[in-house]
Protein chains: 2
Amino acid sequence: MNWKKLSSSETLLAEKFKKLKLESGSHSPSIFTFLQELPELKIHIDACFLSNPYATELFLNYLNDEVLSTGKIRDLLEFYPSQNRVLAALLSDFLKVDSGNIFIGNGAIEIIQAVLHRFASKKLLINIPTFSSYYEFVPDGCEVVFNKLKKENNYEINCSELIDKIYTEKPDTIVIINPNNPNGAYLNFGELEMLLDSCSKVENVILDESFIHFAYEDKNFNLINTAGLVHKYPNIIIVKSMSKDFGIAGVRAGYAVMDKEKVDLLLMNGFLWNSNGFAEYFFRLYTRADFAYKYENVRLKYIMETIDFMKNLREIAEIKLYSSKANFAMIEMLDGTTADELMSYLLIKHGIYVRNCSDKIGLDGEFLRVASRNKEQNQLIVSAIREFYQT
Amino acid sequence: MNWKKLSSSETLLAEKFKKLKLESGSHSPSIFTFLQELPELKIHIDACFLSNPYATELFLNYLNDEVLSTGKIRDLLEFYPSQNRVLAALLSDFLKVDSGNIFIGNGAIEIIQAVLHRFASKKLLINIPTFSSYYEFVPDGCEVVFNKLKKENNYEINCSELIDKIYTEKPDTIVIINPNNPNGAYLNFGELEMLLDSCSKVENVILDESFIHFAYEDKNFNLINTAGLVHKYPNIIIVKSMSKDFGIAGVRAGYAVMDKEKVDLLLMNGFLWNSNGFAEYFFRLYTRADFAYKYENVRLKYIMETIDFMKNLREIAEIKLYSSKANFAMIEMLDGTTADELMSYLLIKHGIYVRNCSDKIGLDGEFLRVASRNKEQNQLIVSAIREFYQT
C-alpha cells in the first residue's frame with residue numbers, strides 16, 4: 001500500500017501497526033501492547049482513548065494522599081474487596097435508588113456480558129453504528145437484528161423509526177447507547193422517555209450511559225442522573241462505565257441499575273468478588289461530597305474544552321464533524337482521503353493515535369473517531385489534521 | 001446465647017459479629033465491611049485469610065520500586081489493561097503450555113463462574129466439604145451430586161470410592177480441589193493421574209489448584225506444576241488463584257489451563273478486559289526470573305513456618321488437627337466446645353479472626369479453619385487457643 005504523505009520507512013511502520021491492529025480484533029490494542037510490539041512507535045497523544053484526563057489527575061491526587069502516602073495501599077492489594085451487595089449499598093444514596101437495584105461490575109464490559117448472557121434470549125435489537133461488544137457478546141441462539149441509523153440523519157436515532165422497528169421485530173432486548181459510540185449522538189430526556197413509553201413489551205431495554213457525564217441539556221451543563229427511571233420502567237437496565245468520566249480504565253469500575261429481580265438473578269450464582277481493591281476505593285470516593293465537588297469542577301472544565309475542540313475541528317473544510325455530546329467526535333473525510341491514511345499520518349508523523357472506524361458496521365464512508373484530551377493536546381490534534389490537508 | 005468465657009459486653013459484641021456474618025452469606029465479610037459496621041471490634045490477626053504475608057511484602061517492594069516511585073502508577077490506573085489473549089501469551093513460556101490453552105480471570109472466582117456457567121450442563125459432582133462457590137455458582141438446570149468425604153478417612157479423597165461414584169452418577173463435570181479447602185487434604189501426583197485416567201468420559205474435570213504453591217511432594221518442597229497435564233487429559237480444567245500464594249487478593253488475578261476449544265468458547269463472547277492494571281503488572285512480574293527467584297524464597301520460608309505452626313497446633317490435646325498441605329489447618333474441637341465459642345473467644349479476647357466451618361456442608365462435628373500467618377502471629381494464635389483451654 002502507498003500511504004499518502006509518508007516516507008518509505010514511515011510506511012513500513014504504518015503497515016506494522018495495521019497488522020497489529022488487525023490481529024487484535026475489533027478493539028484497539030492497549031498502549032502496553034503497542035509499547036511491547038512496536039517500540040519504534042512513539043505515541044504522544046492517545047486520542048483513541050475516551051477519558052477525562054483531569055479526572056485521572058484528581059483521582060491520583062486523592063489516591064496519593066489517602067492510600068499511597070499512608071501505607072493503606074497494602075490493604076487494597078492484600079485483602080479481598082467487599083462483595084457486590086456491599087458496594088451496591090454504598091452507591092444507593094448517591095444514585096437515589098435502592099441498593100437492591102444496583103449491580104457492580106468489573107467495568108461496564110462485564111455488565112454488558114452478564115446482562116446479555118443472562119437476559120437476552122431470543123432477539124436483540126441494536127442500533128448501528130455501535131460499540132461492537134453488544135453484538136459480539138450475544139449468547140448462542142439469540143438472533144441479532146440491526147436498526148441501521150441513517151447517514152442522512154447524521155446517524156442519530158429517529159425515535160419513531162426505532163419504535164416501528166421494535167413493533168415489527170418484537171425483540172426481547174434492545175440496546176440504546178446515549179450518547180452513542182462512535183458518533184456521540186444524544187437523545188434528550190424527553191425523547192428517551194417517549195421511547196421508553198413505547199418499549200413496555202420489550203423485556204430488557206439496555207440504556208448504556210457510559211458517556212452521559214459529558215452530555216448536557218441546559219446551559220449549566222448539569223449532570224444527568226436517570227437512575228430513577230428504573231421505578232417507572234422496570235424493564236430498563238442502565239449500564240454505566242466509570243472509566244471514561246473518571247479517567248480510570250485500569251481500575252475497572254462500572255455499575256448498572258435494573259429491576260431487583262434481575263440483580264438477584266445475576267448474584268444468585270456469580271459475581272461475588274468481581275471488584276478489586278482499587279475499584280472499591282474508587283466507589284467509596286465517588287460517593288463522598290468533597291470528591292464530588294472537585295470532580296464537578298474537572299467535569300465542567302473538560303466539557304467546555306471539548307466544546308472548543310469540536311468547534312475547531314468543525315472549521316476544517318475537508319472533514320465533516322458529526323454532532324456529539326460525548327467526549328469524542330466522529331469525523332468524516334470528504335475529499336477522498338481514507339481513514340487509514342489520515343490515521344497513519346497522525347500516528348506516524350505526530351504520535352497522535354485516533355480510532356479508525358473502518359471496522360464499524362453501519363457506517364458508509366471514511367470515518368475517524370477522535371477523543372478530546374487536554375487543552376494543549378486538543379490543539380495539537382487540530383493542528384496536525386490541518387497540516388495533513390495543507391501539505 | 002451464653003458465650004463461654006466472655007463477659008456480657010464481650011458477648012454483645014460476639015452476637016453483633018455473628019449477625020453480620022450471617023447476613024453476608026456463605027463467605028466471610030471483608031475486613032473493610034467489619035471496620036465499617038463494627039468499629040469497636042479490633043482485628044489484629046486475620047487467620048481467616050488464606051495468603052502468604054511475605055509474598056505480599058515482596059510484591060509491595062516491587063510495586064514501590066517500579067510503579068509508585070516512578071510515577072508509572074498513572075498508566076496502570078488510567079489505561080485499559082491488555083486483553084485476555086495478550087496476558088495469556090505472557091504466561092505461556094512460564095507454564096510450558098501454549099497460550100491458546102490459557103484463560104485469564106479476574107480472580108479464580110470468575111473462572112469458576114465462567115467454567116460452570118459455560119460447560120457444566122447436566123450433572124456436577126463435588127466432593128464435600130468444599131469451597132461453597134462450586135455448588136452456589138451452578139447454572140440453572142444442572143444437578144449437583146455430592147461425594148461426601150468420610151470423617152473416618154479424615155475427609156480425604158479416597159480415589160477408588162470417587163471413581164465408583166463417577167461410574168454410577170455419570171456427571172459431565174467434576175471438581176477436585178487440591179489441596180482441598182477447608183481441610184488441606186492433598187492428592188499426590190500419582191493419585192491424581194490415576195484418578196484422571198478413570199475420568200476420560202467426564203467432559204470437564206475441574207482441578208482447582210489455588211493452594212498448590214503450599215504443597216510439596218519432596219523434601220526440597222519443589223513447586224508443583226501440573227499445567228502440562230492438559231496435553232494428556234484434554235478434559236482437565238486447571239483453576240489457579242494467585243490471591244493466596246502471592247498474597248494479593250485485592251488485585252484479583254487468576255488463570256486457568258484448559259483445552260483450546262474451551263478457551264475459544266469462553267472468549268468468543270466475553271471476557272475482553274476482565275483484568276485490571278495492577279493484575280497486568282502482577283502477571284508481567286510473575287513471569288520474570290528475578291521475581292520468581294525472590295518469590296521462591298518467601299514461599300519456602302512460609303511453608304516451613306506453616307509446618308511449625310501445624311506441629312504446635314497438633315500438640316493441643318483438646319483439638320484434632322487434620323493433615324494439611326495447604327496454608328491453613330482444619331481443627332476439630334473434641335471436648336464439647338462449639339466452633340462459635342472458640343471463634344468468638346479468639347476474636348473478642350485476642351482480635352484473632354478464624355473461620356467457623358459450621359456453614360460447611362459435609363462436616364460432622366465442630367470445626368474451625370485457621371490460616372497460617374507470619375511466625376509471630378502463628379505463635380499468638382497457638383497461645384490464644386491454649387489459653388482458651390487453660391482458663
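A salt bridge, as I use it here, is a side-chain nitrogen of Lys or Arg within 4 Å of a carboxyl oxygen of Asp or Glu. Between chain B and chain A the count is six salt bridges. One of them joins the side chains of Glu78(B) and Arg373(A), at 3.5 Å from N to O.

Some ground rules. This is a predicted model, where local features need pLDDT of at least 70, side-chain atom pairs count only at pLDDT 80 or more, and totals for chains, interfaces and linings use all residues. Side-chain values use heavy atoms, without hydrogens and water.

Now the interface as a whole. Chain B puts 65 residues into the contact and chain A puts in 65 residues, with contact meaning heavy atoms within 4.5 Å. The two chains bury about 5000 Å² between them, 58% of it on carbon and sulfur atoms; buried area is the accessible area (1.4 Å probe) lost by two parts on being put together, summed over both.

What about the symmetry? A turn of 180° and a shift of 0.0 Å along the axis lay chain B on chain A with an RMSD of 0.0 Å, superposed by least squares on the C-alpha atoms of residues with pLDDT of at least 70 in both. That is the relation of a two-fold axis. Of the interface residues of chain B, 100% are also interface residues in chain A, so the copies meet through the same surface.

Methods
Residues numbered from 1 in each chain as written. Chains lettered and ligands numbered in written order.
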